[in-house]
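Got your viewer open and ready? Load the model below and follow along, one selection at a time.

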Amino acid sequence: MVAYAWLVPLLPLAAYVFLLVLGRRAPEGVAAGVSVVCSLASFLVSAAVFRAAASQGPVGPYLFHWLTLGSASISFGFEVTRLNALMILVVSLVSTLVLLYSAGYMHGDERFPVFYQYLNLFVFSMLALVLSPNLLQLYIFWEMVGLCSYLLVGFWYFKPEAALAAKKSFIVTRIGDTGLLIGIVLLYWASGSFDYSTVFAAAGAGQWSLGWVSGQELTTLCALLVFLGAVGKSAQFPLHVWLPDAMEGPTPVSALIHAATMVAAGVYLVARCYPLFQASPGALATVAWIGAITALLAALIALTQRDIKRVIAYSTVSQLGYMMLALGVGAYAYGVFHLMTHAFFKALLFLAAGSVIHAVDTQDLFEMGGLYRKLPLTAWTFLAGALALAGVVPFAGFWSKDDILAAALNTGHPVLWGMLLLAAFCTAFYIFRVYFLVFTGAPRQPERWQHAHEGSWVMTLPLLVLAAMATIAGFFNSPLNGDGLEHFLFADSPQHQIGYTAPENVPLMLLSLLVALLGIGLAAAVYWRPRQSQRPERWARAWGPFYTLSYRKFYLDEVYYAALVYTGKGIAAVVDWIDRYVIDALVRVVGRLVYSVSVLLKFSQTGQVQAYSTVAALGVLVLVAWAMLRAGGVH
Amino acid sequence: MAYFPIPTGSLLALGAILFCIGLYGALTKRNLIIVLVSVELMLNAANINLVVFSRLGLNPGLNGQVFALFTITVAAAEIAVGLALLLAVFRLRKTSDVNDLNENKN
Amino acid sequence: MGLALWMVLVPVLAAFVCVLVPARQACVQRGLALAGSVITLLLALLAWLRFPGAVQAGGGANPAAAGVPLVSHLPWFTLPGLWQQQDVTVGLSFGLDGLSLTLAGLTALLALLAAAAVRPEEAEMRRFALWSQLAAAGAIAAFTALDVLTFFAGLELSLFAGFFLIDLSGDPQRRAAAVKYLLYRGLASVLLLLALFGIAYGVAGGYSSLQPDANGNLPGAPAFTLAWPALQHNLHGLSTAVFPDHARAVLFWVLLLGILVEEAFVPFHTWLPTAHEHTSAPVSMLLGGVLTKTGAYALLRFGAGLLPDQLQHFATWVAVLGTINILYGAFAAWAQRDWRRLIAFGSISHMGLVLLATAAGNAAGLQGAMFMMVSSGLLTAFLFFLAGAVQARTQTAELGRLGGLSRPLPLLSGFWLVAALGALGLPLTSGFVSEIQSFIGSFHRFPAISFVAALGLILSAVYLLYAIQQTTFGPLRPEYASLADAQARELWPAVVLTAVVLWVGVYPNGLGQVLGQTVQQLLQMGG
Amino acid sequence: MSVSDWLNQPYIATMGPLLTVSAAALIIMVLEFTCRKLDRRWLIGLALAGVAVALAEALVHFYHDPAMALNTVVTDAFANVFSVLILISALLVLLFALDYAGQVRLAGEHTYLILFAVAGALAMASAVDLITLYVGLELLSLSSYVLVALRSRSAASAEGGVKYLLMGSIGSAVLLYGMSFLYGVTGTTSLIQLGAGGLATYTSYPQIATLAFVLMLAGMGFKLSLVPFHMWTPDAYEGAPAPISAFLATLSKAAAFGMLLRMLLFIFNAAASDVFFWAGVLAAVTMVVGNLIALPQRNMKRLLAFSSVAQAGYVLLPFALFQTGAFQDWISLFDSLSFYLYAYTFMTVGAFAVVWVVSRARNTLLDEALVGLYQQSPWLALALTVFLLGLAGVPLTGGFVGKVYLFSDAVHLHAAWLGVLLFVCSVASFFYYFGWVRKVFQPLTGPLAGQRIHVGPSMNLLLAVCVAGTLLLGMVPALLLRPLAHTLWLS
């Protein structure tokens, strides 16, 4: 069965090509139908592949020759490991649901088929990325998903913000990608191959060098460069700024690309290259710290945002930070576990938010309210997602997040643990702030409230499925099924276990649960049934500077703009000036000079024959004199 | 029969001076006829050289004088042509001043 | 077999026929240009098919064509007593090795597409057909010449044909641009000729301090020849007593200078943006796609092929030059407000990578450089084609005055997106394959320099996405609301280019096998 | 010398062409006097026939062994190569004149004066005695003075004649003065003896030898219109009848180059080669100034005049190489020089012809007249394009091969800077040559647009020959290079 894994990405590709041929005229039903069927099929295939992988362990790589470089030969193909078997399962499932959901959400958009083209292309690229057997192929599809993200963020290209956001997302991630590319190239020269196995073997041995850097430094350098790619893609601090802006895209896109799958690719990359990172403690520490900072920073920013999607986006950033930290402190399995659960409940939250936006046609939290009565199903599913995110037992988030917290503490990173705990508190607060603002209380804008209504089944069905997953997904790696995921992942790794795992630690569990409940309680106190003394405005005033700081996203966008964009444009302007007024001007001056000399010569032809003969005579004279001097004078 | 030998150098100097005078005239005189005459002077300077060399040269011979004769003849032809052209110009321009011949220029 | 020769002759003949056909029959003229290019292209494909077999068979015994698979020779003239009283024969001899074949094919393809891109109502169709065919012939001759004189002849041919092309149509300032182009590249070709002749004489011992023996020829000095394969062969392991190092160094710098001007490298580049800004799109396609590749060709063929030791000796200089070009071009492109100037500077930035990769001198670098020449040729032509098509509708190429064109012109915008993404090196396009190979090569030799150069990857994204945002994205300007999108007749060049770009990007080995042959030879030369 | 000796000289072999041309000249002169009614064109036809016969003779003798008559006139490589060139250009000029005479009333002297000039030129090419050379030169010059001034009732023409006369005779005076010194130190005027004693002469009297050389070079420089002795050129060309401008630019230059080559090489051979340094200086100055001054020129005839100045600089390049090259290397120098002269002749005569036709049709000499020529007469336009591209040195024309040959000689003989200068200058010359081509192909609007330009049969023939010559020498240079390779220059 595993040998057929190539079907998994190819089915969406087929759908893409089909829609591309049909073009913009394709009827909505066909476009959506084909896409959903294809990705459902690829989900089923991946399920089969998953079972096969579970039983027989990693298979592949299946390769074909791609390019010859001198003596070296670069091959492409696919491989199935336990990790990417899990990934394709998650990705294809979420994709199927989102594709279905979009049929309702994008209904009536003039470029509906194009939207589905892009989505299919993305699904293909994402699955191919996951199945790549070597770094170069991974990089190729890494860029492809970036492209799809660019196209989908800018899907409503006529909105200037959308155009800007698309550009920003591509360029910011490109910064990380460049690092990744360099890392891959260095790894190639160091190990002589792009294949994971070869590279990691060399990395593990550590006996490698590039002449100008060797051994441990080289390992760390490569690991950090690879991580830079992950930072860009997974919106980690300091390259997280693109993700919230990317919310300009249609909400299903946010759900699929910017919550469940693409942004998780960074985490996947680090997980896939784990041997490399393990070989370099420095790199691991960096990963951990970046993760923690991101988690806390994003959570703090999310506290005060007014745009529902931005809140969820920042929560995504923050959760990705959790995963990075998990990998950083060595809790490989927990990182992957959280990646999976997060994929479900974050997609769920986005889709639910989408159906809210669909209903009230605004994204501003303070224009909503009381929607529970209008959208009960949405409200319930959102609640499930919120609880999962906040980490309330027994929802998915609880298990994974709790594992990570425990790992952070037990591996001796109390500081990181503290940061995460604080982040967890904020998480619970901001997500329930959203819940209460949207679904409870009195409608703030009655006319919007009036028109609100649930979407059709294509939109609600995915919500229900995802809600179910968000509820139960946690048990895959809970004591209740004996940490099944860990065993699945580690079943065939050489040392039988990658990184750190630990049995559940009940006091810690209770503590994190308590923190979550506190956050929820606080949110309820402020936004659900606020007493006079605790209205949000008062809080905002009370925390004045901090409030603004968080609301302004710590002014990071402004700083970057000043630091990068202005300097870049400045340099560009200078270069252009030099080009026009130094180099080209110089050329023009020389040209003019020559021409004016020739004009002078032209007018030296006065028509006076005696002038001519004088010149000639002088010529003779000079010639004779010079010749005589050269010949040594007349005796 | 005895004669007073004149050193070759001074004769050559004479030629050179004559040449320069001719050149000067050719470059400065306004009247076309004078200019032509000056050119003749230059040619004659060469003739003087030839003759001198044919008599007092390193290995004397008649060639020089023959050459001089040819030159004189050619010079005569040259003058003839020159005068013809002068007439043509005079007929069309009513002037024999070299400086007025400045229609073709730049 | 005379494939190479015919690839040069066919366009010349086409041009000749263009002269005979009356000018008013524009469609016939266009047809002739198309036909000429198609036939040339078919010949190229034929050669492509025969190539592997020819490589197996190995080059002819003729030393003047050693290691060149497909050779066709026609005696041209003999300069009597030129060298030590020996006659020197100059042949109209053309050969197709990997690089030559690829570039000749590229030339034919772009000539075809340029002819297709001319609006049928173009008033100057005859002159366009005439000069474009001659330009193509010249470029192909330069790319396939086995003889440095023939190479120079090809350069000159494409030089003056290009001059008349630029001058053909466009805005009034094209005159000045054409003259600028002419003088710059004229001087460049002189420098190249000087360097190549110098090398030829040097190989024959022209700069040797050895004493010639009784019958006047030097010990160990090979016979004088102007054929580069023979020069390559003779140079291999030639003692520095016969060809002193200082002479080689001087010649290398002369060659390099010529290449810098020819290829419009900073700071000798200003003619390129000017020309592109003021001429018409089809001409830009030819100029940017083909005519400006001769310099890079000379760099690989004669720089890496004849003076590898010097290239290695001065590699760091070349690499720094390349990096300067990459960054300078990218930043300048970012600052441009004219679409065509932006593309032009972008191509300068790309060709900078060719310098860097060639300097690296390893297999990856050389192959990357060759790929980059092809890719940059395709994509530059592609971009200019689209810019021209849009400009023909909006009557402006000023980025500030465009916007939202995706709505009225979805197809053109789509292709423009593809081309731009290719140019910024997106995987599965030719751009990526070229950049990755070039960087693989350069990082091995110049890690530090390459780190700086890698900034170009980011900057290219910056200026190209800026252009996209300014043109196809953003709110639609009312005056463009009613523009008509391109029809299939107008679009097929874009389709073809997309296909080729993707083919190279998805399965580069197809091209890699052919270019690899040249790479191997260059490596043997260097090693 | 006994009578039998006098009779047994190889007169025909050595002077056949010369005698034929002179005879034709005399006959025509007589005819011209006796029957005034006779149409000029018959006379020109006769002249053509005469020159053709002479050319045939020259070709017959081309590969024969060298011969000498009266220690004065020889037939050898120089004589053959240059006589043939002179006669070919004479044919072209006469063809041109034939067409010209059909359009413009032409003084009858025209025809035989040309022939006398040709005779002089032939003498310059084949004489080996300073006296004869000088006389030949003067014969050529005097006839050309008159020819220039021969446009009836044209002040410009007369003025051109006078200017040429003055400068020319100053030039010949300088030349003669130089010769006199040469004679002084050697006591002979025979090039053969001069050559024999050349080494001794130079080593014993370097200063005087150098002085003589420089003066002779300068004197010929007036004829060849080398900078700075060139300033009469544009004025004379402008004034002269069109065929005569072409005549001055090609025939008399070819003859003068032949004479210069013979004199300098017989007298100042390898031993004295560093005197040729001065030729290099003049060549460089001439190339540069000639091209510079042509850049802003709007008057077509004057521009061609300056271009011919510049081209003379190119042709002078090999003289500079006599200094650096070993004696054996000179062969390739002779070859390159004569090849370039041949190519140059075709291109230049053709260019002058087209310019004349156009300027007559539009009756202006300004290059605006060229605009739209392609519409009015594609044939003329393409012919002109060929000539201009040839002069610019574009591949597939004789100009290209010629320049490349000169260039490779320069690089080979360690004067690369001259070669580079040569090509840099031709790049500069692109500016004006291509400027014309551009005008030629410019679309023409307005009343003139429809008008066609009529071209007479003889003009068509002339153009055809010139185009063929230019292109053949570019595509199959072997046509000329092989014969050159077989000439025994150093016999």
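The tour goes from a whole chain to an interface and then to a pair of helices. Bear in mind throughout that this is a predicted model.

**Stop 1: chain D.** Select chain D and show it as a cartoon. You should find 21 helices and 2 strands. Its radius of gyration is 22 Å, close to the 23 Å that the globule rule gives for 491 residues, so chain D is as compact as a globular protein of that length. Along the principal axes, the C-alpha trace spans about 70 × 55 × 40 Å. Now colour by burial: 70% of the 491 residues are buried. Of the contacts in chain D with a separation of 6 or more, 80% are between residues 24 or more positions apart.

**Stop 2: where chain C touches chain A.** Hide chain D and bring up chains A and C. Here 42 residues of chain C are in contact with 38 residues of chain A. On the chain C side, the elements giving two or more residues include H13 (315-335), H15 (363-394) and H21 (509-526) of chain C. Which helix gives the most to this side? Pick H19(C), which provides 6 residues. Colour the chain C side by residue type and you get 28 nonpolar, 13 polar and 1 charged.

**Stop 3: two helices in chain A.** Select residues 308-328 (H14) and 414-439 (H18) of chain A, whose axes lie 11 Å apart at an angle of about 155°. H14(A) and H18(A) are therefore roughly antiparallel, and their crossing is left-handed. Show side chains, among them A:Ser315 and A:Tyr322 from H14(A), and A:Ala423 and A:Tyr430 from H18(A). The residues of this contact divide into 11 nonpolar and 3 polar, with no charged.

Technical notes. Residues are numbered from 1 along each chain as its sequence is written. Chains are lettered from A and ligands numbered from 1 in the order in which they are written. Two residues are in contact if their C-beta atoms, placed from the backbone, lie within 7 Å. Helices (H or I, at least four residues) and strands (E, at least two) are DSSP runs, numbered from the N terminus. Ala, Val, Leu, Ile, Met, Phe, Trp, Tyr, Cys and Pro count as nonpolar, Asp, Glu, Lys and Arg as charged, and the others, Gly among them, as polar. Axes are lines fitted to C-alpha atoms, for helices over the stretch in contact, and angles run from 0 to 180 degrees between N-to-C directions. Angles under 35 degrees count as roughly parallel, over 145 as roughly antiparallel, 65 to 115 as roughly perpendicular and the rest as oblique. A crossing is left-handed if the near helix is turned anticlockwise from the far one by less than a right angle, and right-handed if clockwise. The radius of gyration is taken over C-alpha atoms; the globule rule is 2.2 Å times the number of residues to the power 0.38. A residue is buried if 20 or more other C-beta atoms lie within 10 Å of its own, exposed if 12 or fewer, and partly exposed in between; C-beta atoms are placed from the backbone.
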